[in-house]
Amino acid sequence: MNIFKPLLQIKDLSVGFNGAHEGNPVVRGVNLEVGPGEILGIVGESGSGKSVTCFAVVRLLGERGWTEGEILFDNKNLLECSESEIVSVRGKEIAMIFQDAQSFLNPVQSIGSQLLEALFLRKDLAGSPGSVYRKEAVKLLTEVGIPDPERRMGEYPHQLSGGQNQRAMIAIMLAGNPRLLIADEPTTALDVTIQAQIIRLLKKICKERNMAIIFVTHDLGVVAETCDRTVVMYGGRIMEAGPVDEVLVKPRHPYTFGLLLSKPRVDMKVKELYTIEGVVPSPEKLPAGCPFFDRCSNVIDKCKDNPPPKIVEGERHFFCFNPEEGGVVWNR
Amino acid sequence: MEQVTEILEVKNLSKKFHLKKQKMPWQKKKYVHVLNDINFTVNTGEALGIVGESGCGKSTTAKIIMDIYSPTSGTIKFKSNELTGLKGEEKKRIRRNIQYVFQDPMGALNPRIPVVEQVYEPLIIHYGRNIKEQYQKAVSLLESVGMSESLGKMYPHQLSGGQRQRVVLARAMILEPEILICDEPISALDVSIQSQVVNLLMKIREERGITLIFISHDLSMIRHLCDSTAVMYMGNIVEQGLSETVFPNPLHPYTKSLINAIPIPDPRVKREDTIVEGEIPSLLNPPSGCRFHPRCPVAMAKCSKKVPELKILSDGRKAACFAVEKGVVQ
Amino acid sequence: MNSTYIIRKVLRALLTVWMVTTFVFLILRLSGDPTVSVLGLEASPEAVEAFRAKWGLDDPVRVQYMRFFSNAVRGDMGDSILEGTSALSSVLSRLPNTLNLMFIATFLTFLIGISMGLIASLYNNTIKDKIIMVIAVAGFSTPTFVVAVVLVLIFSINLAWLPSSGSGTWQHYIMPILTMTIVEAAIFARFTRSAMLEVLYQPYVKTAVAKGLSWWQVIRRHALPNAAIPIVTICGFWIGLIIAGAVITESIFGWPGIGRLLVYSVKHRDYNVVQVIVLLISCTMVITNLSIDIIYGWLDPRVSIDREGE
């Protein structure tokens, strides 16, 4: 194998919430890793557990959330650190951006002061005069492509467009020079031309800063354009994971297969859309076996009650008793 | 071949909203021009897709056709009836031929009434009460959209998003309209549910020969579902034509960049990196001339001065662009 | 925030003051006149006639109103019918007593109410939260006069520690202030708690945590400034409550302030004094609300756009 050294390793992670679905984890047995200079896409529908997994990494689940397993960042288990240790990881080692940037920015603070606040946490700048911080802030805003940054610093989130707010958010989160950026559906709320710009920006940042990025989305197209490797989740479990070039071209798991074919393509005429029947399961109804069993066209008897085996094929793996053959999906 | 008949004609449609920002009586009123001189026709049985990003006016167009907003100027003709001037009983009779499906099915349904009752409610409004027969009709319609009778007795919150959208679709279909307008009907749904609803829409079209106006920002869905497509930008139609003409070979620079911006779920497809720069300008302060010129890669001096007209091209499509007229864009 | 915004607010404030005084003027005239109170039931018709002519009570209401209005605009509020001296000075002489009470009560309300609310919200769902909320619910569901009567029963009658009425020594202050503070502090505590809890669940608080701020920094820099916005808003209602509270408290404890004067003057139809007090109260309300609007615009940069943009 190559000398890939993961920065973040999630091992056997389960996450649940006390209260509503007590004892029913919304994420079960998730394993994944991401290394520097790499964009990992986590893709899934609502309730797949993709966002919850990310919130667990920075321990943002709230008081009701519980976790099991290990989240190793630089070989340190984040789930076992003290509160003050995790505070020193957030922003400085692992940063996070969100779907709807405007509501995730403080409405009564200017963009500049929210950015400066993040810069003030930087140890290497401590004791510098204010002008150094301001210069650094302008530099960051320029890096994320906000025109006229000096003026934008004095403006508030409601005065900026959705795309500008997302850029500002990225600048704020880059302020601490993190090594891992978790992007939770960062382009879902944006128009497509703006989405394309943000994707390009994130790819550029990943390359220039040799950063690791976890990109959460429900759009396989975005994964194909953005990510190096992908993890497909459904009902709190990983269905299939591996390099984008393999998973999205020759999917082996019936869910990945169905998901790819149920969306039309803008660059070619698709005769008929594949339909995955049924509804997305809610966490209290998840079976012991494969959560996709009741919607799967390849379902066999043992799927419901037995967790499917992990099958490794080169750099890709998937969990299925009765996988697809793995031909190129678009030549169907 | 069947004879082509126009079912809906939208002519010179414009809409401006005035902002209630007028703080003192002596200050001038401000307007936002949301639609500028929109023209299109829809043929019987056709599916027209209207596509564009936020603020392009696609939803406003639908809402004007549905009489939710009144147009500032322009006319809408259904068959031979002028819709804008209708009143009373006649309005009710003609209007029930056009039905509407919203983006947010939860907001379109009453949370306190079982969904089946909401499906036949339009019948009561239009034809008076005849519960037994109407209930039967609602149930059979729900079944045709894949919902059982027992699901019909549930309340909206007990259903999933896709099921709610099926209910809304059934409710829109119960008056047997000739035109169905769907305003972003699948945007709020999960990907695996979207294809269910879209396949259902296609089935309804096939079975009933209904005319469909499908409004969406999802270009790939429009290409899949619609015979013809109108691309809108900041209140104007910039390109319009058959989907299989427009999508493989877009002419207007905006259409080009829009199609280029759609991610394709196939990593083998490598496209040129031609992402359009800049943001969509505010409607409060629109650019002069062609509204796309500040972001346009092929803008000429003329573009900032004059508004290009939507002109018919040799392959039957229309485009509003000076560069296309001159043959700069192939 | 711009000048048109402020001009609009000021114009609206003046309109409010005018409407309140006019309304009170009419209501007072419709509900009888002071002749009986001043002269007694046995007064001779001539004396009544002379009294009414002296105070202009025999003119039509319209004429009386025009006279009142033109005098008021020039700053002349007339004389007290009962005392014969200037109505304005008779009100102003009692003003310090009321202000003393109100300032102390306000200070305590803010201090106790807001800090209890903050503690409850930060220790949400713990025993601290529950104790504070039980006390707060009990506090705000008890009417002011009941609090006053219970306090008198305990501290004056049973324990005989504090005087039940009058003013002068520091002991006299205790019960009126307690009466005015308990109810209002309870309202503030509850409101502060819910405002804070709402803010703590806002997405931008997550961002603040994800940035790497400590919990206390998140509270101080992101939660508090946002929670302050709704709290400032209820100060507008609260100023009305505290004035109403003062009227009741002063009447019960025989406190020589404006509240008691108002009740007395209304009872005896001392038109001009009532008019002065009403004008004073409505000006206070209007100025408070005006300053709240201005503070609001300063706390929340969205305000001048969002509120006016609808």
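Two strands pair if DSSP finds at least two bridges between them. Helices (H or I, at least four residues) and strands (E, at least two) are DSSP runs, numbered from the N terminus.

The model is predicted: local features need pLDDT of at least 70, side-chain atom pairs count only at pLDDT 80 or more, and totals for chains, interfaces and linings use all residues. Residues are numbered from 1 along each chain as its sequence is written, while chains are lettered from A and ligands numbered from 1 in the order in which they are written.

**Exercise 1. Describe the pairing of strand 10 and strand 12 of chain A, and place both strands in their sheet.**

Step 1. Strand 10 (residues 237-243) and strand 12 (residues 316-319) of chain A are antiparallel and share 2 bridges. In one position, A:E240 has A:F318 of strand 12 as its bridge partner.

Step 2. The sheet in chain A is open, has 8 strands and shows mixed pairing. Its order is 6-7-8-3-9-10-12-11.

Step 3. The edges are strand 6 (94-97) and strand 11 (310-313) of chain A; each has a single partner strand, so one side of each lacks a neighbour in the sheet.

Step 4. On average, neighbouring strands of this sheet are turned by 15 degrees against each other, direction ignored. For such angles, axes are lines fitted to C-alpha atoms, for helices over the stretch in contact, and angles run from 0 to 180 degrees between N-to-C directions.

**Exercise 2. Work out the surroundings of strand 9 of chain B: what are its partner strands, and is it buried or exposed?**

Step 1. A residue is buried if 20 or more other C-beta atoms lie within 10 Å of its own, exposed if 12 or fewer, and partly exposed in between; C-beta atoms are placed from the backbone.

Step 2. In strand 9 (residues 228-233) of chain B, 6 of the 6 residues are buried, so the strand is largely enclosed by the rest of the structure. B:S228, B:A230 and B:M232 point one way, and B:T229, B:V231 and B:Y233 the other way.

Step 3. Strand 3 (residues 47-51) of chain B runs parallel to strand 9 of chain B and is joined to it by 4 bridges. Here B:V51 is opposite B:V231.

Step 4. Strand 10 (residues 236-242) of chain B pairs with strand 9 of chain B in the antiparallel sense, over 6 bridges. B:N236 in strand 10 is the bridge partner of B:Y233. These two strands form a hairpin with 2 residues between them, and B:M234 in the turn has a positive phi of about 50 degrees.

**Exercise 3. Assess helix 1 of chain A: how many of its residues are buried, and what follows the helix?**

Step 1. Of the 8 residues of helix 1 (residues 50-57) of chain A, 7 are buried, so the helix is largely enclosed by the rest of the structure.

Step 2. The buried residues are A:K50, A:S51, A:V52, A:T53, A:C54, A:A56 and A:V57.

Step 3. After the helix comes A:R59, with a positive phi near 55 degrees.

**Exercise 4. Which elements of chains B and C contribute to their contacts with chain A?**

Step 1. Two residues are in contact if their C-beta atoms, placed from the backbone, lie within 7 Å.

Step 2. Chain B gives 35 residues to the contact and chain A gives 42. On the chain B side, the elements with two or more residues are helix 8 (191-208), helix 9 (219-225) and helix 11 (253-261). Helix 8 of chain B has the largest share, 6 residues. By class, this side has 17 nonpolar, 11 polar and 7 charged residues. Ala, Val, Leu, Ile, Met, Phe, Trp, Tyr, Cys and Pro count as nonpolar, Asp, Glu, Lys and Arg as charged, and the others, Gly among them, as polar.

Step 3. In the contact between chains C and A, 18 residues of chain C meet 22 residues of chain A. Helix 9 (203-211) and helix 10 (215-253) of chain C each give two or more residues. The largest share, 7 residues, is from helix 9 of chain C. The chain C side holds 8 nonpolar, 5 polar and 5 charged residues.

**Exercise 5. Give the overall dimensions and burial of chain A.**

Step 1. Chain A has 10 helices and 12 strands, and its C-alpha trace spans about 70 × 50 × 45 Å along its principal axes.

Step 2. Buried residues are 50% of the 332 residues in chain A.

Step 3. The radius of gyration is taken over C-alpha atoms, and the globule rule is 2.2 Å times the number of residues to the power 0.38. A compact globule of 332 residues would be near 20 Å, and the 21 Å of chain A agrees.
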